[in-house]
Amino acid sequence: MSITATELKMNLSKYLLLAESEDIYITRNGKVIAKLSNPFQDRVDAVKSLLGVLPADITLEEAREERLNRI
């Protein structure tokens, strides 16, 4: 997403929340001057990639047992 510096100033809290899930490029006079991003995005992406690996109806104990059985 790309926004102007003025838009960022007027709605900072909105863009801080959006920055948790996407990069926001701030422009001035049509040129990108800054990027607002989540410093933990790599971790968020890793967790999202793991969601769905386990069935939704499995308990934590069942998952542990299954893991131990594979070793």
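**Close-up views of a predicted model**

**View 1. Tyr25 and its partners in the neighbouring strands.** Tyr25 has Lys35 of S3 opposite to it. The model shown in these views is predicted. On the S1 side, Ser2 is the residue that stands opposite Tyr25 in S2. Strand S2 covers residues 24–28.

**View 2. The three-stranded sheet.** The strands form an open sheet in the order S1-S2-S3, and their pairing is mixed. Strand S1 (2–4) and strand S3 (31–36) are the edge strands, each pairing on one side only. From one strand to the next, the twist averages 35°. S1 and S2 run parallel and are joined by three bridges. S2 and S3 run antiparallel, with five bridges between them. Strands of a sheet pair through backbone hydrogen bonds, in either a parallel or an antiparallel manner.

**View 3. The turn between S2 and S3.** These two strands form a hairpin, with two residues between them. Within the turn, Asn29 has a positive phi of about 55°. The strand that follows, S3, spans residues 31–36 and is an edge strand.

**View 4. The largest nonpolar core.** Seven residues make up this core: Ile3, Ala5, Leu8, Tyr15, Ala19, Ile24 and Ile26. Helix H1 (5–10) and strand S2 (24–28) are the elements that give two or more residues to the core.

**View 5. Surroundings of Ile26.** Ile26 belongs to the largest nonpolar core. Leaving aside residues up to four places away in sequence, Ile26 touches Ile3, Thr4, Ala5 and Leu8, and also Lys31, Val32, Ile33, Ala34, Lys35 and Leu36. Among these contacts, Ile3, Ala5 and Leu8 are also members of the core. Lys35, another residue touched by Ile26, is the one that Tyr25 stands opposite in S3.

**View 6. The whole chain, for orientation.** The protein has four helices and three strands. Along the sequence, these elements follow the pattern β-α-α-β-β-α-α. Of the 71 residues in the protein, 15% are buried. Considering contacts in the protein with a separation of 6 or more, residues 24 or more positions apart account for 8%. The exposed area of the protein is about 6100 Å², of which carbon and sulfur atoms supply 56%.

How values were computed. Residues are numbered from 1 along each chain as its sequence is written. This is a predicted model: local features need pLDDT of at least 70, side-chain atom pairs count only at pLDDT 80 or more; totals for chains, interfaces and linings use all residues. Side-chain values use heavy atoms; hydrogens and water are left out. A nonpolar core is a set of buried Ala, Val, Leu, Ile, Met, Phe, Trp, Tyr and Cys residues joined through side-chain atoms within 4.5 Å. Buried means under 20% relative accessible area, exposed over 50%, partly exposed in between (1.4 Å probe, protein chains only). Contact means heavy atoms within 4.5 Å. Two strands pair if DSSP finds at least two bridges between them. Axes are lines fitted to C-alpha atoms, for helices over the stretch in contact, and angles run from 0 to 180 degrees between N-to-C directions. Accessible areas come from the Shrake-Rupley method with a 1.4 Å probe; for residues, only the protein chains shown count as cover.
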